[in-house]
Amino acid sequence: TFIIGMFWKRATPHAGWIGLISGTLGALGVNILIWTERLVMPGQGGAFLAAGVAFTANPVTGSPDEIAISAVYGLGEGLVSGAVDADSYVVRKVDGALVSTHIGEKSEQYLPNDGQGATPVPVDPAVAEIPALTDLEIPDLAALGRAVETASGVAQDIEWAIDDDGLWVLQSRPITSLGATTVAAAPAHRD
C-alpha cells in the first residue's frame, strides 16, 4: 500500500496527477491511500507553541530505557535542519522521570510563510530562555512515545507538534541511528 499525504492547500493543484497515479497503480493491483490534513500552526492565539522529535530509545547513548525529546518554538524545520539550538530533555522510560534538561538558545523560530515552506523569525531573547515545553507537556510526550512504541513493537523516531488544540503526531518511523542490534534489543514498554 502506498500512502500519499499533503496539506490541503497543496491537494487541489495535484488532483489530476493523483487521479492519474491512482488509476495507473490501481490497475496494477496496488492499493493507494490519499488524504489531506490541516497544517498545524504553532503560534495561533499568541501562545509559545512548539514542535520537535521524540526518540523512544536514546540515540546518543543507545539506551532503550530512555526517551530523548528535542523541542523548538514554531515549526520543526529549525530543529531538523539544525538551524536552531533546541531544548533537549531525557526521560526515564519506565516511570517518566526527567533525567536531564538542556535549554537551547532558540534565537529564532520557523513559521509558515505565505507559499510553501517556512521562514526563520527572530525570538525575543527573554522568550528564548523559556523552555519550549511545559512541565506538563514533557510527561505527555513521554507517554505518547511509550504508546507509539508499544503499538509499533520497535523503538520510534516521532515528529510532533503542539498547537492551540493540543499535541499532534506528525509522523513516526523506526529509529535508524541506533543500529540493528540496539533497536532489536529495545523492548516495547507495556503499562
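Which residue follows H5, and what is the sign of its phi? Helix H5 is followed by Gly153, whose phi is positive, near 80°. The structure is a predicted model, in which local features require pLDDT of at least 70 and side-chain atom pairs count only at pLDDT 80 or more, while totals for chains, interfaces and linings use all residues. Residues are numbered from 1 along each chain as its sequence is written, and side-chain values use heavy atoms, with hydrogens and water left out.

Helices (H or I, at least four residues) and strands (E, at least two) are DSSP runs numbered from the N terminus. H5 comprises 16 residues and reaches 22 Å from its first C-alpha to its last, close to the 22 Å expected at 1.5 Å a residue; the expected span is 1.5 Å times one less than the number of residues. Within H5, the residues Ile138, Leu141, Ala142, Gly145, Arg146, Val148 and Glu149 are buried, where buried means under 20% relative accessible area, exposed over 50%, and partly exposed in between (1.4 Å probe, protein chains only). Viewed down the axis of H5, these buried residues fall within an arc of 165°, so they line one face of the helix; the arc is that of the directions from the helix axis to the C-beta atoms. The buried residues of H5 pack against strands E4 (66–73), E5, E6, E9 (156–163) and E10 (166–174), contact being defined as heavy atoms within 4.5 Å.

A search of the whole structure finds 5 salt bridges, each defined as a side-chain nitrogen of Lys or Arg within 4 Å of a carboxyl oxygen of Asp or Glu. One of them involves H5: Lys93 forms a salt bridge with Glu149, the closest N and O atoms lying 3.0 Å apart. This pair links distant parts of the chain, with Lys93 in the loop between E5 and E6 and Glu149 in helix H5 (residues 137–152), 56 residues apart. Lys93 counts as buried because its relative accessibility is 5%, and Glu149 is likewise buried, at 0%.

Asp87 and Lys106 also meet through their side chains in a salt bridge (2.8 Å, N to O). Here too distant parts of the chain are linked: Asp87 lies in strand E5 (residues 87–92) and Lys106 in the loop between strand E6 (98–102) and strand E7 (108–112), 19 residues apart. Both Asp87 and Lys106 are buried.

Arg92 pairs with Asp95 in a further salt bridge, with 2.8 Å between the closest N and O atoms. Arg92 counts as partly exposed because its relative accessibility is 38%, and Asp95 is partly exposed at 47%. Finally, Asp157, Glu159 and Arg173 are linked in a network of salt bridges.
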